[in-house]
Each structure stands twice: as C-alpha cells, then as structure tokens.
Amino acid sequence: MAALTSSFAWLQLIGFTVSMLICCCYASSENRQVYIVYMGNLPKGEVSIASLHTSMLQEVVPSVGSDVLLYSYYRSFNGFAAKLTKDEAETLREKDGVVSVFLSQKMQLHTTRSWDFMGLSKKVLRSFIESDIIVGMLDTGIWPESRSFNDTGFGPIPKKWKGICQSSANFTCNNKIIGAKYYRANGDFDPSEFQSPRDSEGHGTHTSSTAAGGFVSKASLYGIAQGMARGGVPSARIAVYKVCWADGCYYEDILAAFDDAVADGVDIISISAGSIFTNDYFYDPIAIGAFHSMANGILTSNSAGNSGPDPASVSNFSPWSLSVAASTIDRKFVTKVKLGNGEIYEGTSINTFDLKGKMYPFITGGAALNTSQGPIPADSRFCYAESLNKTLVKGKIIFCDYYTDSDSPIEAGAVGAVYQTGAYKDYVFAYGLPLSNLNLDDGKKVFNYANWTENPTATIFKTQVEDQFAPFVVSFSSRGPNPITADLLTPDLTAPGVDILAAWSEAAPMTDAEDDTRIVPFNIVSGTSMSCPHATGAAAYVKSFHPTWSPAAIKSALMTTAFPMSSENNVEAEFAYGAGHINPALAAKPGLIYDAGEIDFVKFLCGQGYTSTQLKLITGTTISCSKETNGTVWDLNYPSFALSATPGNSVTRVFHRTVTNVGSAVSTYKAVVKSPPGLVIQVQPSVLSFKSLGQKLSFTVTVGAEVGNSMISGALIWDDGVHQVRSPIVAYANLLG
C-alpha cells in the first residue's frame, strides 16, 4: 500500500481508479479497457502459448493489432492482458480453459534502528550462502548509485539467475543489483519519470534497502536517527521489477513482473502494494502471482495495507503468501515549540530545519484571512489553500486549527507552522518548512497565547529522538479479519513500519511539498510498505539457512517464533498483529514447522467452493475436488487457528494439524495451552515424541468458544524445553456476515 511519506495525503488511500484506454484502431465510440484473462498453470507439452493467446483474441476481437494484446504471461503461469470491450471480455470469460477474466485496475503503494530492535544485530550469525539469495522487489524501481547497493566485495552473480538487466543510458546493474526491468503496458510516462528501472519516487529504493541493503555507516536524515543503515540480508542480491509509477501499480504490469520473477530464479518476492477493495483470490493479481510463486517454491511477502484501524481492511490475505502489519520501534520523534512567555510544548513531526532558537512573530490563521478570494473566502483558521493573507503571514510562524496540508503556509511565506489536531500521533511526517503537530490540549493553550498576547513570538526546534514503549501496531495498519475466508487469521504477523530510515532516490524530493527541493540519500518513511520488506529480509535470512524449505515452512518459522503481543496496547489484538512481532534470529531455528504445499492449498480451495475444472487449470494437474480433497479451512496446515461465530452464539471447531521436526533429532514436545475464560482448548495428543529430524506427527485441536459480540484470544505452545512453538488461537463474533 501507499508508503506513508511526506504528508497526510500519502496515507489517505485515493479512490480506486480504473485505467480507461481507448484503442485508436477502432471506432472512436468503442471504448476499450484493459482486462486480465487468467488461465492458470502453464499447459504441458510443446505449446506456443503466445500463439494460443492470439488465437483466442482473434475469435472475439475484429482485428487483433499490437495495441490490443499487451502481455502474454507464459514463463511461470498462463494468461494475458488485452484491451477489450465489456462484451468481448464476457465472451472470453465463457471459453474453456479460462479461470477468470477481470478488469485491470491499479493498486496504490502501501533502517538504522529497526533490525537491532528486532534482535538481528549486525554481528548475528550469517549463512555462508546468503550471497546466493536473490530478493525480487516489485516496486517503483531503484536508485543504483545509493551506498546501500554498493557491490564492493561481492562475488559473481549466482549461476541460478536467469533474468536480465534492462540497461539504459541512465541505468546499469552490478553484482548487488543483478537484474532490473520495468513494466508500463499503457506506455503513458510522465515527463518526470524514467523509462528505465531507475526510481523517481523513492519508494522502491527505500523498500529494497530495508530488505537487502548493504552496510552504510553514519546514515541519517539531516543528522536525525543517525546510525548504521542495513537490510535484513546485507549480502543478498536484489532483482528489481519496476511495476509502480507516480499514478499507481497496474494489474497487468504486476502479473508480468510475477511471471518474470518466478522464471528468473528469485528466492523471495516482496511487493508493498495493494487494493482498497476486496477481490476474490483469483481475481487479484498479487494473490495469483503469489500462488504460482508458492507452487515454484518462492514465498511472497506483501503489505497488509494502510486502511486501519477499520476492521476487515486488510488488502493482501491469501494463505499462500505472508501478510505483514506495521508496528513501532522504540524511538519517537519530538518537535518542541517554544513561546515568547518561555513555555515549551512537545509536538510531533520530522523537522530537519534548525531555526537556532530564534523567536519569530506568531500569528493565528484566523487573524490572517485572505479577503481577496471572493464573496465567501475559505476559513483561514484551518490554513486552507489560498485562504491566508501573504502580507500578514510572511516572515511569521502561523498557528492552524487543524492539519490540512503544509503547502498553504509555505505559499503564504510563513517561516514555520504549528498545528493542533486530534488525529493519531503514532507516526510522523517530514514537511517543507519547520512544523510541529500539537495535541488538542496543548494546542488550545498555544492558540490562546497567540490570540490574546500582544506581539506574540514563537520558535520551532529541530526534531529530537526519544525512547518510547514498543512495539504496538500503528493506527494506519490494516486490520483483520480476513474478508474472504473468515476462519483464517489475517494479518500473519507484524514488523517495523513506523519512522524507518532507509535509502532514498536522489531524483525524488524529501517531501511532496511543491517548493521542497531538498535531495537526500536517506529518508524516514512510515507504512506497511516499510514493514513488508522487513519481513522479506527476515524470510530471506531464514531461507539462507534452509534453502530447501518451502514457502509455508519459512512462513511458519516466522509466525511461530514471533514475539507475543498484548491486546492492552492494541484492542484489535490478533486482527492487528497476527501471530505477533517478527523475530528473525529465532525464526532460523523454530524447532517445529507447519508445512504445506500446493496440494494443501488446492484442498483448501476445494473447500472454498472452487470447482474441479478451475483447479485443474490453476494447477495444471488432474486433481479434482472430491470427498478426500474437499478440505475445510480448519484443516489447512496453518500456523494459527481462527474460528468465527454469528454474534451471541457459541462455536466449536476441530482443527487437524501436522508438524515437522526441524530442531533436535530426538525430542519431546508438550502442549502448553493458554485459554482465557470463554475459550476451551483441548489438544490430542498433548505430547509429541520425535525420533528423527524431518519426522512428521499429527494432532487435533478442539476449540469451543462463547464469543458473545467480541473476540477471545488464546494460544497453543509446543515446548521441548528449548523451543517454544507458539500459535495464536482466536475466536470471534463475525459482525461482517
């Protein structure tokens, strides 16, 4: 989802805009739009898939030109993107061999201290094959000159790599960034954007360096948050797939990148983007791409979304990928305001400007009305655009009753701005001028001073970094429950996503303020876009120790070793943080794993109502839904447990699970159950005795709950005295129907 960058506008997810494309080779009245035709797995045998796609189009489109077929997906899965009318799309939808046809839309983009905070220090044990791990980043591209991507000391590119570097006059790869490609099917490039894998937004550079950036000492944002910047796997390689641009990330481009990344040989895929609307699993490009990645042994890590704290707002929730929420680390950014009477108030922001304590005239927005606007001027109390009188504001610090944007004070010539707001203050932004956000109580006092004092003055100090309690899930992070499968706990876990310092594109200004021309090599940004690459880096770290583990095994290791979190700090409990806060170092040695493969997810899909015909196409096998394969969601071998009930009713479910021993060859695990009042949990057997590594043992968990109109959380922990393999158990009243 959209990275939370310089202003509140990046946090508010903009409306879901459909890409309207009119093909010039047809009558002007015939509007064509981009549709995705998804056909499942690659067919067996020698088949020209591109020719197959063209033939299908020729049957429904009067004249198939190069401007109709945009992409053929044929390297990792089967499908194509084409410009179609609604009727043509409907005709294709009814054809044999088609799983789904859906309109292409666009998705929005959803560190010095963070890795140390998670216990993954720069001295942590590293695998000798970490440099063979390839992390595929689907984002806005990358700034290759950043110190985070220096390839000094790197050996040759891993032989397994099959991708390309789409070099251009302004972009080349190296032994760190081993591959790069850009995707823009509609060919519509803004003049400010690079027609290459180079990043003009900053987002992709930030996420790539968070996941796999190298060691950079003394990194900071104008001296703020100074320290060693690094990714989770500093010696891993990066493959860049530029699918996101200033106006978003289009479905057809995302699927083309997935198709390439899987075939290119990446080990982990990371994508920090998503929709604000709920789509079924095989009408969503990320879920489709992640399914075929999983089938090829590649875990997809994706952001949960920035639409919290609303319930069921999570945007990436397929069980075969990793859905990551965003939480805080143990530092906060404080920007103090000093008044002419000597009083000092603490606000929040990232203020890199240093006024050196100089006191400036202080004025309220309400006293600086621009009366030249017309008969009904905008209320200047809120510092709306063009509402301020430039003559009265220039050279002063202005007080605004509520935060709208920082552009108006800048345009009016203000030296700085102080806002009072009741909005969430668990994350901060940088602005194009000195600015501090005060709470309503302090804001009232400052307003009274500015409004009733003769010749009031004020100054704003440069931001200071202070300690804070952490972690807790930030307010903007999207919450569960899973909007498609109610009894599947989502998000899976949480990772640092607030105030993260990482590399930045030097083609992108530090903030989105129009007059801000500051260029920085590192920037501080918030969003589930930032938590996702933390989980990506952690997954790559685990993969480096266990290169043969399946995506589900890596996901299980991350979830069952996560730090438990408390509902005292997040009322939404597991719907905010899933299994808990990621713990990368411990995840490399989880003791037991809940493994699952393609067949397990196919059984799950049978139970979700998918037909045998659909699943044969999706998997490319002869599997069919039957009594043996019609699995319920409660039987999916998932590392968490969830059950829902209609409000006011009790519910009982039986879960079947199998764990694989990856700890000590001979070991005995005892079941430790955490069950609050209203939740009854029974485990059979309650002791698991293993005699060898790789041995699998099965058990059942019976959960009974009186949920009323709320949510009850418990846990099952398998404990051998060394490993504590923890799974959350959640029962809740499903208020969404």
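Me: Let's start with helix 2 and helix 3: is their crossing left-handed or right-handed?
Reply: Happy to begin there, keeping in mind that this is a predicted model. The contact is made by M56, L57 and V60 on the helix 2 side, and by E88, T91 and L92 on the helix 3 side. The crossing of these two helices is right-handed.

Me: And is helix 2 parallel, antiparallel, perpendicular or oblique to helix 3?
Reply: The two axes come within 10 Å and cross at roughly 125 degrees. Angles from 65 to 115 degrees count as roughly perpendicular and those over 145 as roughly antiparallel, so an angle outside these classes and not under 35 falls to the remaining one. Helix 2 is therefore oblique to helix 3.

Me: Staying with helix 2, which residue forms a salt bridge with E59?
Reply: E59 sits in helix 2 (residues 49-60), and its partner is 36 residues away, in the loop between helix 3 (86-93) and strand 5 (100-103). The closest N and O atoms of the pair are 2.5 Å apart. The partner is K95.

Me: In that pair, is E59 buried or exposed?
Reply: K95 is partly exposed, with a relative accessible area of 24%. E59 has a relative accessibility of 55%, and the cut-off for exposed is over 50%. So E59 counts as exposed.

Me: How many salt bridges does the structure hold?
Reply: The K95 and E59 pair is one example of a salt bridge. R381 and D379 make another, at 3.6 Å from N to O. Some bridges share partners, joining R75, K181, D260 and D264 into one network. The structure holds 16 salt bridges.

Me: Which residue meets R184 in a salt bridge?
Reply: R184 lies in the loop between strand 8 (177-182) and helix 5 (203-212). Its partner is 63 residues away, in the loop between strand 12 (244-245) and strand 13 (248-250). Their side chains meet at 3.2 Å, N to O, and the partner is D247.

Me: Is R184 itself buried or exposed?
Reply: D247, across the bridge, counts as partly exposed at 24% relative accessibility. R184 has a relative accessible area of 9%, and buried means under 20%. R184 is therefore buried.

Me: Which strands are the edge strands of the open sheet that includes strand 12 and strand 13?
Reply: The sheet has 4 strands in the order 12-13-6-15, with antiparallel pairing. Strand 12 pairs with strand 13 over 2 bridges, and W245 stands opposite G248 of strand 13. An edge strand pairs on one side only, and here those are strand 12 and strand 15 (273-274).

Me: Which helix packs on that sheet?
Reply: The helix touches strand 6 (106-109) and strand 13. Its direction makes about 70 degrees with that of strand 13. It is helix 6 (residues 251-264).

Me: How many residues of helix 5 are buried?
Reply: The buried residues of helix 5 include H203, H206, S209 and A212. The helix is largely enclosed by the rest of the structure, because the count of buried residues is 10 of the 10.

Me: Which residues does D401 touch, leaving out those up to four places away in sequence?
Reply: D401 lies in the loop between strand 21 (397-400) and helix 9 (407-411). D401 is buried, with a relative accessible area of 13%. One of its contacts, R381, also meets D379 in a salt bridge. The residues touched are R381, F382, Q420 and F447.

Me: What separates the C-alpha atoms of N175 and D151?
Reply: N175 is in the loop between strand 7 (134-139) and strand 8, and is partly exposed at 25% relative accessible area. N175 touches D151, along with F154, G155, I157 and R237. N175 and D151 are 24 residues apart along the chain, and their C-alpha atoms are separated by 5.5 Å.

Me: Which residue takes a positive phi just after helix 15?
Reply: In helix 15 (residues 598-607), F601, V602, F604, L605 and C606 are buried. What covers them includes helix 7 (285-295) and helix 16 (612-619). Just after helix 15, the residue with a positive phi of about 100 degrees is G609.

Terms used
Residues are numbered from 1 along each chain as its sequence is written. This is a predicted model: local features need pLDDT of at least 70, side-chain atom pairs count only at pLDDT 80 or more; totals for chains, interfaces and linings use all residues. Side-chain values use heavy atoms; hydrogens and water are left out. A salt bridge is a side-chain nitrogen of Lys or Arg within 4 Å of a carboxyl oxygen of Asp or Glu. Buried means under 20% relative accessible area, exposed over 50%, partly exposed in between (1.4 Å probe, protein chains only). Two strands pair if DSSP finds at least two bridges between them. Contact means heavy atoms within 4.5 Å. Axes are lines fitted to C-alpha atoms, for helices over the stretch in contact, and angles run from 0 to 180 degrees between N-to-C directions. A crossing is left-handed if the near helix is turned anticlockwise from the far one by less than a right angle, and right-handed if clockwise.
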